[in-house]
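Work through the exercises below with the sequence and the model open side by side. Each task is followed by a solution in steps.

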Amino acid sequence: MMRHPLLAAGLLLLSGLGLKGQDISGEGQLHGNFQIDMQSYTEDSSIGATKVPEYVLMNAYGNFVYTKGGFTAGVRYEAYLNTMLGYDAKYNGQGIPHKFASYKTDEYEITAGSFYEQFGSGLVLRSYEEKTLGIDNAFNGFRIKGSPYKGINLTGLVGKQRYFFDLGQGIVRGVDGEINFNETFTKLSAKKTMITIGGSFVSKFQADKDPVYNLPENVGAAAGRMNIQNGPFAFMSEYAYKINDPSSDNNYIYKDGQAMLVNTSYSKKGLGILLAAKWLDNMSYRSDRNATITNLQINYLPAINKPYTWAMSNMYPFATQANGEFGLQGEIMYKFKKESLLGGKYGTNVTLGYCRVTDIEKKQINDTIAISEPGTLGYSSDFATMGSNRYYEEISFEVNKKINSSLITTFLYQNISYNYDILRGMTGHGMVYAHVAVADVTWKMSKTKALRLEQEYLISKQDHGNWVMYLLEYSVAPKWFITIWDQYNLGNDHYEAKNYLTGSVAFIHKGSRFQVGYGRQREGVICVGGVCRNVPASNGFILSISSTF
Amino acid sequence: MKIGRRRVAPFINSKGWEYIILLDPNGDFKRAMNVINVPHTFLIDASGKIIDQHTSYAQGDEEELYEKIKACIKTE
């Protein structure tokens, strides 16, 4: 699916008059949003929670966007006074880190200022924001998008990337082209087979000030992708190549990088099957070779594992390994029909999933150079080889069933093998093996009142041992959510038993949400799409206000 | 919850959902509509005007949405 129709639809709705953006006449509109999150921190040594000198920390932002016909301009003000724990303290302060102006017609769109962009799956370029992770690698520069002929989309951009309230050193330039054969060639428009092909080229420049190494100042990466759809079958694949890019991520080796994604799926009503493979070799790509964590990344390497919202499922979450990984994933989704034996009155959804990620095979270049020795070519690797070190493996089974008009249930079982050292960047922990079981039952007490009970269990002999979680949520549509939950760690020889009890009340009014809560939060990791953020343990109040206008 | 682009077609077909589903791979549409939390529901009339919006979802929210749609049809 192309992005253009989507953004056109968005701007259409905002302008409110169905204009195609040919001029700047018509009604001007101002829209936006804001979010304020505050948390208090109390000392609680039993869970490792610390207090902070400010007592309360706060992250907040507000977007204000004006549109008139084809013209859009916006600013985002952000304030971290001071930054909440778990987010980088370099955010401390306030300002306007994001401002842009754009003009769009049927044929082209130009943007000046801050913008986000993705080429294909993101293997060579993706700038995006993910507030829960504290990620915002927006470009600041120029972008032009055009459709010179139907079915053909071209994008060109140049800019620097956001680094907290500043900009990173490196300059990034990129071009992307995509052709949808069925749209471009009218003879193919009625054909059952749909084909889209795309290609990108990205280059970054950063001056070499290193006293020891002779570092490449211009590093280029290219990618090619293909999507084929034919009735129930779909095939998606993308390949990326990056020239030598010594950086702190790869220990300053001069090896090139490659990535390959392959996805196939079959789906018809009531059945979905998908198979995916991902291979990465030295594909970290930043606009500053010395940047770390999630700062100044130019590309995004998609995660192959299935994401879950359950707390226990996220105890040991997968983090993408840019330096090398080989992943396989398979999933079967089936719906037992209504009135059938296993389907019951409303039908039953069943999902079976499997995922496995290992390292890749890395061989020494010669006898004297160790693998990934700085200042050398690093290592040699053959295309798409699977290493013997397991990073992550998971088998999962899920059932979603509406039992009667007032009872909705979800059951999940997962068997997880987690390479703690690799995925958390630590040593001495070894592999963690865990069983996770979730039972979520919603009882619709009336048309608008519902009570949800969520039970989660994590059984493991490693790390902190076993966990039990109970959550009770009472909702009164459309305005109230009252929730109380407890995560209880049973403890083992190494760790004492611990209780994490929290309660919250949320009030919703149209596009606004007010939430207050109090309790203990365990130390953990939040991951979105294979990119993670550490969350420290805390004890205190939380307040969250958000609104879309 | 974010669902990868490649998983969308098999996921939707397996559930038997028959309405139109559009993709927003890099959150461009989410940003254009100033959405903060998903799910976020917009009620839009035939001329493209946003009549109402609602953030989050609680069992029974569809009752209020249904009443609003009925009210909308009466006035058009």
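**Exercise 1: consecutive strands**

In this predicted model, β23(A) and β24(A) form a hairpin with four residues between them. Task: find in which sense β23(A) and β24(A) pair, and over how many bridges.

Solution.
- Step 1. Locate the strands: β23 covers residues 431–444 of chain A and β24 covers residues 449–460.
- Step 2. The pairing is antiparallel and runs over 11 bridges.
- Step 3. As a point of register, A:Gln455 in β24(A) is opposite A:Ala439.

Task: state which residue of β25(A) is the bridge partner of A:Arg452, and describe the turn between β24(A) and β25(A).

Solution.
- Step 1. β25 spans residues 467–476 of chain A and pairs with β24(A) in the antiparallel sense, over 10 bridges.
- Step 2. A:Arg452 has A:Glu473 as its bridge partner in β25(A).
- Step 3. Six residues separate β24(A) from β25(A) in this hairpin. In the turn, A:Asp463 has a positive phi of about 50°.

**Exercise 2: two cis peptide bonds**

Task: for the cis bonds at A:Asn82 and A:Pro478, give omega and place each residue.

Solution.
- Step 1. A:Leu81 and A:Asn82 are joined by a cis peptide bond with omega of about -15°.
- Step 2. A:Asn82 belongs to the loop between β3 (71–80) and β4 (93–104) of chain A.
- Step 3. Between A:Ala477 and A:Pro478 the peptide bond is cis, and omega is near 0°.
- Step 4. A:Pro478 sits in the loop between β25 and β26 (480–489) of chain A.

**Exercise 3: positive phi in a loop**

Task: decide whether A:Asn251 and A:Tyr252 are buried or partly exposed.

Solution.
- Step 1. A:Asn251 is in the loop between β16 (233–242) and β17 (257–268) of chain A. The place of A:Tyr252 is also given as the loop between β16 and β17.
- Step 2. A:Asn251 is not a glycine, yet its phi is positive, about 70°. A:Tyr252, likewise a residue other than glycine, has a positive phi near 60°.
- Step 3. A:Asn251 has 15 C-beta neighbours inside 10 Å, so this residue counts as partly exposed.
- Step 4. A:Tyr252 has 20 other C-beta atoms within 10 Å and is therefore buried.

**Exercise 4: nonpolar cores of chain A**

Task: which residues touch the most other members of the largest nonpolar core, and what does A:Ala240 touch?

Solution.
- Step 1. The largest nonpolar core has 55 residues. Those touching the most other members are A:Val124, A:Ala240, A:Ala259, A:Met283, A:Leu301, A:Met312 and A:Val357.
- Step 2. Leaving out residues up to four places away in sequence, A:Ala240 touches A:Leu123, A:Val124, A:Ala221, A:Ala223, A:Gln258, A:Ala259 and A:Met283.
- Step 3. A separate second core has nine residues, among them A:Tyr41, A:Tyr80, A:Met84 and A:Tyr91.

**Exercise 5: the contact between the chains**

Task: how many residues of chain B are in contact with chain A, and which element supplies the largest share?

Solution.
- Step 1. Contact involves 43 residues of chain B and 58 residues of chain A.
- Step 2. On the chain B side, α1 (5–15), α2 (28–32), β1 (40–44), β2 (50–55) and α3 (61–75) each supply at least two residues.
- Step 3. The largest share is from α1(B), with eight residues.
- Step 4. By type, the chain B side holds 15 nonpolar, 17 polar and 11 charged residues.
- Step 5. For confidence, the predictor gives the complex an ipTM of 0.91 and a pTM of 0.91. Chain B has a mean pLDDT of 87, with 93% of its residues at 70 or more.

Definitions and conventions. Residues numbered from 1 in each chain as written. Chains lettered and ligands numbered in written order. Predicted model: local features only at pLDDT ≥ 70, side-chain atom pairs only at ≥ 80, totals over all residues. Pairing = 2+ DSSP bridges. pLDDT = per-residue confidence, 0-100. Core = buried A, V, L, I, M, F, W, Y, C linked by C-beta atoms within 7 Å. Buried ≥ 20, exposed ≤ 12 C-beta atoms within 10 Å, placed from the backbone. Contact = placed C-beta atoms within 7 Å. Nonpolar A, V, L, I, M, F, W, Y, C, P; charged D, E, K, R; others polar.
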